[in-house]
Amino acid sequence: MNKSHKQDKKRIVFIGKRNVGKSSLVNAFLGKEACTVNGCHAEVREALEVPMELPPYGSVVIVDTIPIADAHDNKIDALNKNISLLPTADFVIVVLDAREKLSQEDKSIFSQLKKLSIPFLVAVNKIEFGINSDLINGLRANNTTHFEISCKENVGVDALKARITRMLQTEPNPSIKK
Ligand SMILES: Nc1nc2c(ncn2[C@@H]2O[C@H](COP(=O)(O)OP(=O)(O)OP(=O)(O)O)[C@@H](O)[C@H]2O)c(=O)[nH]1
Ligand SMILES: [Mg+2]
């Protein structure tokens, strides 16, 4: 699906490696357990789309994705599958584990997003375990904006949500026209 075939609601796509907390963050956004956390990954092979209201902006579609480097998949296939999803996104949240360093796959996602001019923010999750300073330096070197969050302790999620809403509001909401 390319941009011209897209539905009119903006799509916010959550992307990242296995186990970083993509589904947990999506659930925290939605305020309900719509996505399986620690799910049966062998069965989860496609992105999951859930509509939600993001006041005061309006209606959006939240998209939870399969991991960019699923252990069961060929790493490159999994990365390509998600990169092919990116042109359908209006906004992307790249979810990272605060304990890890920036990977080549993460950097590939950043460069694709920049090439496609898709706005994105980075969510550095699981901060209660501590934050890897190499990760923060890597993010700075890649000129990204990041939020330090914990889905488990509900830290930083509202601030991230507020920033996304503000950034979406800078463009007209096509779903309001109807
Ligand atoms: N300690 C801690 N654990 C978390 C946090 N966020 C998520 N988790 C846990 O991390 C594990 C993976 O979370 P998921 O939300 O399934 O991660 P995911 O990125 O969707 O995983 P995949 O779908 O396999 O790629 C689960 O056990 C969550 O409970 C957090 O902020 N802190
Ligand atoms: Mg998941």
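Where does Pro56 lie? Before selecting that residue, a word on the model and its numbering.

This is a predicted model, in which local features need pLDDT of at least 70 and side-chain atom pairs count only at pLDDT 80 or more, while totals for chains, interfaces and linings use all residues. Residues are numbered from 1 along each chain as its sequence is written, chains are lettered from A and ligands numbered from 1 in the order in which they are written, and side-chain values use heavy atoms, with hydrogens and water left out.

**Stop 1: Pro56 and the sheet**

Select Pro56, which lies in the loop between strand 2 and strand 3; helices (H or I, at least four residues) and strands (E, at least two) are DSSP runs, numbered from the N terminus. The peptide bond that joins Pro55 and Pro56 is cis, with omega about 0°. Most peptide bonds are trans.

Now select the two strands on either side of that loop, strand 2 (48-54) and strand 3 (residues 58-64). Seven bridges join strand 2 to strand 3, and the two run antiparallel; among these bridges, Pro51 has Val61 of strand 3 as its partner. Widen the selection to the open sheet of six strands, whose order is 2-3-1-4-5-6 and whose pairing is mixed, where two strands pair if DSSP finds at least two bridges between them. At its edges are strand 2 and strand 6 (146-148), each of which pairs on one side only. With direction ignored, neighbouring strands of this sheet are turned by 25° against each other on average; axes are lines fitted to C-alpha atoms, for helices over the stretch in contact, and angles run from 0 to 180 degrees between N-to-C directions.

Add helix 3 (residues 104-115), which packs on the sheet and touches strand 1, strand 4 and strand 5, its direction making about 165° with that of strand 4.

**Stop 2: strand 1**

Select strand 1 (residues 10-16), in which seven of the seven residues are buried, so that this strand is largely enclosed by the rest of the structure. Buried means under 20% relative accessible area, exposed over 50%, and partly exposed in between (1.4 Å probe, protein chains only). From strand 1, Lys10, Ile12, Phe14 and Gly16 point one way, whereas Arg11, Val13 and Ile15 point the other way. On one flank, strand 1 runs parallel to strand 3 and is joined to it by five bridges, with Val60 of strand 3 as the bridge partner of Lys10. Strand 1 also pairs in the parallel sense with strand 4 (residues 91-97), again over five bridges, and here Gly16 has Val95 as its bridge partner.

Zoom in on Ile15, which is buried, with a relative accessible area of 1%. Leaving out residues up to four places away in sequence, Ile15 touches Lys22, Thr65, Ile68, Asn82, Leu86, Val92, Ile93, Val94, Val95 and Ile109, contact meaning heavy atoms within 4.5 Å.

**Stop 3: the cores and helix 5**

Which residues have the most contacts inside the largest nonpolar core? They are Ile12, Phe14, Leu25, Ile62, Ile93, Leu160 and Ile164, in a core of 26 residues; a nonpolar core is a set of buried Ala, Val, Leu, Ile, Met, Phe, Trp, Tyr and Cys residues joined through side-chain atoms within 4.5 Å. Apart from it lies another core, of 24 residues, including Val61, Leu85, Leu113 and Leu139.

Next select helix 5 (residues 157-169), whose 13 residues reach 18 Å from the first C-alpha to the last, close to the 18 Å expected at 1.5 Å a residue, the expected span being 1.5 Å times one less than the number of residues. Val157, Leu160, Ile164, Thr165 and Leu168 are buried in this helix. They cover an arc of only 135° around the axis, which puts them on the same side of helix 5, the arc being that of the directions from the helix axis to the C-beta atoms.

**Stop 4: two asparagines in loops**

Finish with Asn143, in the loop between helix 4 (133-141) and strand 6, and Asn154, in the loop between strand 6 and helix 5. Phi is near 55° at Asn143, a positive value in a residue other than glycine, and near 50° at Asn154, likewise positive. Most residues other than glycine have a negative phi. Asn143 is exposed, with a relative accessible area of 65%, and Asn154 is exposed at 53%.
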